[in-house]
Amino acid sequence: MIQTLYRQRRRILVCATLFTLTAMVGAMTDGRALAHVPFWAPPVATLLFFALSAAGIAGLIALAPQLRRLCEVIALFTLIETLFIWIQPEANAALSNPVLRLAIAAAMIALLYLILYGRLLDQVPALFAFGARHKTLIAAPPEQVWPAVAPSPVAPADPDEKDGAGPRPTEPPYLWSHTPEAVTVILLERPWRCRFAVKPEATGPGRAAGIFDIRLRPCAQGVQLEIGLYQTGIPLGEVLRLWLDDVLGSEGDRLRACHKRRISGRFNPC
């Protein structure tokens with residue numbers, strides 16, 4: 001649980017910041033709220049509201065992790081709505097009907113979700129790029145970690161086929177074996193470094209090629225695994241997913257968990 005919330009730290013901080021900005025704009029909209037308060041009250045209230053927001057978001061993610069993306073969507077909507085009312089105060093009176101206001105809020109939240117994470121903008125050129133690196137310690141020798149992170153040749157369909165019969169395609173390493181992606185090896189220095197490109201076998205909207213750079217360094221506890229990921233031409237929602245979910249950190253956690261459950265010296269895919 002603690003590890004999961006740590007991997008969601010960016011989402012928690014971003015959403016808590018958005019909710020706090022919403023509260024600050026709302027307080028400025030109603031000037032009477034700040035008319036007769038001591039000078040120390042606003043910063044203290046801001047910090048308290050930020051802490052409560054972060055705690056609430058963390059609780060929601062812990063109880064319903066599948067709904068985590070709604071956190072930033074709702075936080076962004078509340079800020080947009082509050083800014084709009086601040087700029088156009090008469091809009092608040094026009095939306096006095098709670099049923100109408102709730103219907104508009106639901107429609108706007110759905111629209112924002114489709115824009116960020118749906119396929120609404122699939123036809124718009126994806127001009128965003130993403131790059132990240134993550135380091136983690138694995139209590140195992142490099143020979144055991146290598147098969148989990150490095151590509152390997154696909155076994156021949158014909159068992160009588162010789163090893164030297166010709167080049168074979170490669171399959172993703174165990175760590176990413178749950179994705180249907182073809183692998184092109186760029187650099188292979190067994191068992192310390194590999195660099196390979198992953199590209200979806202069936203291209204489509206929202207699927208992008210990427211470059212993985214894997215490095216293993218010996219240390220007293222075993223090996224230090226460094227995972228680098230570089231992607232270009234991906235939609236905004238994919239950038240948000242990779243960054244807010246700390247995908248590389250989660251993959252490192254999954255590798256450590258796989259190592260603990262390894263069978264006969266090989267990693268059990270998760």
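This briefing walks through strands, salt bridges, a surface patch and aromatic pairs in one structure. What you're looking at is a predicted model, where local features need pLDDT of at least 70, side-chain atom pairs count only at pLDDT 80 or more, and totals for chains, interfaces and linings use all residues. Residues are numbered from 1 along each chain as its sequence is written, and side-chain values use heavy atoms, with hydrogens and water left out. Helices (H or I, at least four residues) and strands (E, at least two) are DSSP runs, numbered from the N terminus.

**Strands and how they pair**

- Two strands count as paired if DSSP finds at least two bridges between them.
- Strand 7 covers residues 222-234 and runs antiparallel to strand 1, residues 128-138, with 11 bridges joining the two.
- One place to look on that pairing is F130, which sits opposite Q231 in strand 7.
- Strand 7 also pairs with strand 6 (residues 210-219), again in the antiparallel sense, over 10 bridges.
- On that side, P218 has V223 of strand 7 as its bridge partner.
- To get from strand 6 to strand 7, the chain takes a hairpin through two residues.
- As a bit of background, side chains in a regular strand alternate between the two faces of the sheet.

**Salt bridges**

- In general, side chains of opposite charge can pair when their charged atoms come close.
- The rule used here asks for a side-chain nitrogen of Lys or Arg within 4 Å of a carboxyl oxygen of Asp or Glu, and it gives 15 salt bridges.
- One of them joins the side chains of R11 and E72, at 2.7 Å from N to O.
- R11 belongs to helix 2 (residues 9-29) and E72 to helix 4 (residues 69-87), so this pair ties together parts that are 61 residues apart in sequence.
- Are R11 and E72 buried or exposed? Buried means under 20% relative accessible area, exposed over 50%, and partly exposed in between (1.4 Å probe, protein chains only). R11 counts as buried at 0%, and E72 is buried too, at 6%.
- Over in the strands, D213 meets R193 in a salt bridge of 3.2 Å, N to O.
- That pair links distant parts of the chain, with D213 in strand 6 and R193 in strand 5 (residues 193-200), 20 residues apart.
- D213 also forms a salt bridge with R215, and here the closest N and O atoms are 3.4 Å apart.
- D213 is buried, at 2% relative accessible area, whereas R215 counts as partly exposed at 24%.
- Which residues share this network? Salt bridges with shared partners join R133, R193, R195, D213, R215, R217 and E226 into one network.

**A nonpolar patch on the surface**

- L100, I104, M108, L111, L114, I115 and L120 make a nonpolar surface patch of about 550 Å².
- Patches are made of residues with over 30% relative accessible area and no salt bridge; like charges are joined within 9 Å, and nonpolar side chains (Val, Leu, Ile, Met, Phe, Trp, Tyr) within 5 Å.
- The areas come from the Shrake-Rupley method with a 1.4 Å probe, and for residues only the protein chains shown count as cover.
- I104, one of the patch members, is found in helix 6 (residues 98-117) and counts as partly exposed at 36% relative accessibility.

**Around I186**

- I186 lies in strand 4 (residues 181-189) and counts as partly exposed, at 48% relative accessibility.
- Leaving aside residues up to four places away in sequence, I186 touches R195, F196, A197 and I211; contact means heavy atoms within 4.5 Å.
- I186 and D213 are 27 residues apart in sequence but 9.5 Å apart in space, C-alpha to C-alpha.

**Aromatic pairs**

- The structure holds two aromatic pairs.
- In the pair of Y113 and Y117, the ring centres are 5.6 Å apart and the planes sit at 55 degrees, so the pair is tilted.
- Rings of Phe, Tyr and Trp (its six-membered ring) pair if their centres lie within 6.5 Å; planes under 30 degrees apart count as stacked, over 60 as edge-to-face and the rest as tilted.
- Y113 and Y117 are four residues apart in helix 6, which means about one helical turn separates them.
- Y113 is partly exposed at 29%, while Y117 counts as buried at 14%.
- For F196 and F212, the ring centres are 5.6 Å apart and the planes are at 20 degrees, so this pair is stacked.
- The F196 and F212 pair links distant parts of the chain, strand 5 and strand 6, with their positions 16 residues apart in sequence.
- Both rings belong to buried residues: F196 has 1% relative accessibility and F212 has 7%.
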